[in-house]
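Thanks for asking me to look this one over. Here are my notes, to be read with the structure open beside you.

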Number of protein chains: 2
Amino acid sequence: MILLRREIGEALRQERQSQGRTLRDVSAAAAVSLGYLSELERGEKEASSEMLSAICGALELPLSSFLSTVSDRVAETEAMSAPVQLPVASARAARSAA
Amino acid sequence: MILLRREIGEALRQERQSQGRTLRDVSAAAAVSLGYLSELERGEKEASSEMLSAICGALELPLSSFLSTVSDRVAETEAMSAPVQLPVASARAARSAA
């Protein structure tokens with residue numbers, strides 16, 4: 001199962017690191033505890049709507065852009081976890097070889 | 001402040017209604033209580049990642065598509081709540097008229 005909190009956490013960390021900022025800096029700017037932000041980034045906690053708004057604000061990132069990034073990440077994960085389909089010809093060949 | 005849970009709730013309700021399905025049907029298919037789904041749709045509860053996956057599954061909607069819809073909704077709300085800027089000429093006219 002694809003877990004949204006994991007994708008959100010990874011997207012938050014990626015954005016923070018791409019800005020060259022520390023957990024301390026962003027947690028202070030968002031007025032959330034450093035421990036909480038760290039847990040969010042590791043996908044261990046669900047972000048409340050208020051917290052997510054505050055953190056996106058601290059990263060100067062519109063919530064819509066952030067969600068769009070998360071949507072793209074989830075789409076990639078979905079593509080990787082899609083069921084593999086064998087070509088019918090191969091399945092037939094496998095049966096006749098058996 | 002734009003609250004993600006409200007946007008998620010409205011997007012869930014819109015999707016369910018566009019499929020012509022009842023709260024009872026979708027909550028049963030997702031194995032969540034009807035009351036919980038109703039609270040989610042009203043933006044009163046934060047959806048856990050597991051619940052959101054289950055509900056998207058029940059709606060036969062990839063999580064990525066759902067998030068993309070939510071991102072679009074949030075972008076619209078952001079555009080509506082952007083600060084209004086007065087044209088400079090009008091502000092000057094207002095001052096000289098005062």
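The points below go from the single chain to the pairing of the two chains, and then to a few individual residues.

1. **A word on the model.** Please keep in mind that this is a predicted model. Every value in these notes is computed from it.

2. **The chain itself.** Chain A contains 6 helices and 0 strands, so its order of elements, read from the N terminus, is simply α-α-α-α-α-α. Of the 98 residues in chain A, 28% are buried. Among contacts in chain A with a separation of 6 or more, 66% join residues that are 24 or more positions apart.

3. **How the copies are related.** Chain A superposes on chain B by a rotation of 180° with 0.0 Å of shift along the axis, and the RMSD is 0.0 Å. That is the relation of a two-fold axis. If you want to find the axis on screen, go to A:Ser68: its C-alpha, at 3.0 Å, comes closest to the rotation axis of the residues of chain A. Both copies use the same surface, since 100% of the contact residues of chain A recur in chain B.

4. **The interface.** The contact brings together 20 residues of chain A and 20 residues of chain B. On the chain A side, helix 1, helix 4 and helix 5 each give two or more residues. Helix 5 of chain A gives the most, with 9 residues. Sorted by class, this side of chain A has 11 nonpolar, 6 polar and 3 charged residues.

5. **Helix 5 against helix 5.** Helix 5 (residues 63-80) of chain A packs on helix 5 (residues 63-80) of chain B at an angle of about 170°, and their axes are 8 Å apart. Angles over 145 degrees count as roughly antiparallel, and the two helices are therefore roughly antiparallel to each other. The residues that chain A brings to this contact include A:Leu63, A:Leu67, A:Val70, A:Val74 and A:Glu78. From chain B, the partners include B:Leu63, B:Leu67, B:Val70, B:Val74 and B:Glu78. The residues of this helix pair divide into 10 nonpolar, 6 polar and 2 charged.

6. **The core.** Which residues have the most contacts inside the largest nonpolar core? They are A:Ile55, A:Leu67, A:Val70, B:Ile55, B:Leu67 and B:Val70, in a core of 34 residues. Helix 1 (4-18), helix 3 (34-41), helix 4 (49-58) and helix 5 of chain A each give two or more residues to this core, together with helix 1, helix 3, helix 4 and helix 5 of chain B. A:Val70 is a good residue to click on: leaving aside its neighbours within four places in sequence, A:Val70 is in contact with A:Glu7, A:Ile8, A:Ala11 and B:Leu67.

7. **An exposed residue of helix 5.** Is A:Glu76, which is in helix 5 of chain A, buried or exposed? With 12 other C-beta atoms within 10 Å, A:Glu76 is exposed. The C-alpha atoms of A:Glu76 and A:Cys56 are separated by 22 Å, and these residues are 20 residues apart along the chain.

8. **A backbone angle to check.** Most residues other than glycine have a negative phi. A:Ala31 has a positive phi of about 60°, and phi of B:Ala31 is likewise positive, near 60°. A:Ala31 lies in the loop between helix 2 (23-30) and helix 3 of chain A, while B:Ala31 is in the loop between helix 2 (23-30) and helix 3 of chain B. A:Ala31 is exposed, with 11 other C-beta atoms within 10 Å.

Technical notes: Residues are numbered from 1 along each chain as its sequence is written. Chains are lettered from A and ligands numbered from 1 in the order in which they are written. This is a predicted model: local features need pLDDT of at least 70, side-chain atom pairs count only at pLDDT 80 or more; totals for chains, interfaces and linings use all residues. Axes are lines fitted to C-alpha atoms, for helices over the stretch in contact, and angles run from 0 to 180 degrees between N-to-C directions. Helices (H or I, at least four residues) and strands (E, at least two) are DSSP runs, numbered from the N terminus. Angles under 35 degrees count as roughly parallel, over 145 as roughly antiparallel, 65 to 115 as roughly perpendicular and the rest as oblique. Two residues are in contact if their C-beta atoms, placed from the backbone, lie within 7 Å. Ala, Val, Leu, Ile, Met, Phe, Trp, Tyr, Cys and Pro count as nonpolar, Asp, Glu, Lys and Arg as charged, and the others, Gly among them, as polar. Copies are superposed by least squares on the C-alpha atoms of residues with pLDDT of at least 70 in both. A residue is buried if 20 or more other C-beta atoms lie within 10 Å of its own, exposed if 12 or fewer, and partly exposed in between; C-beta atoms are placed from the backbone. A nonpolar core is a set of buried Ala, Val, Leu, Ile, Met, Phe, Trp, Tyr and Cys residues joined through C-beta atoms within 7 Å.
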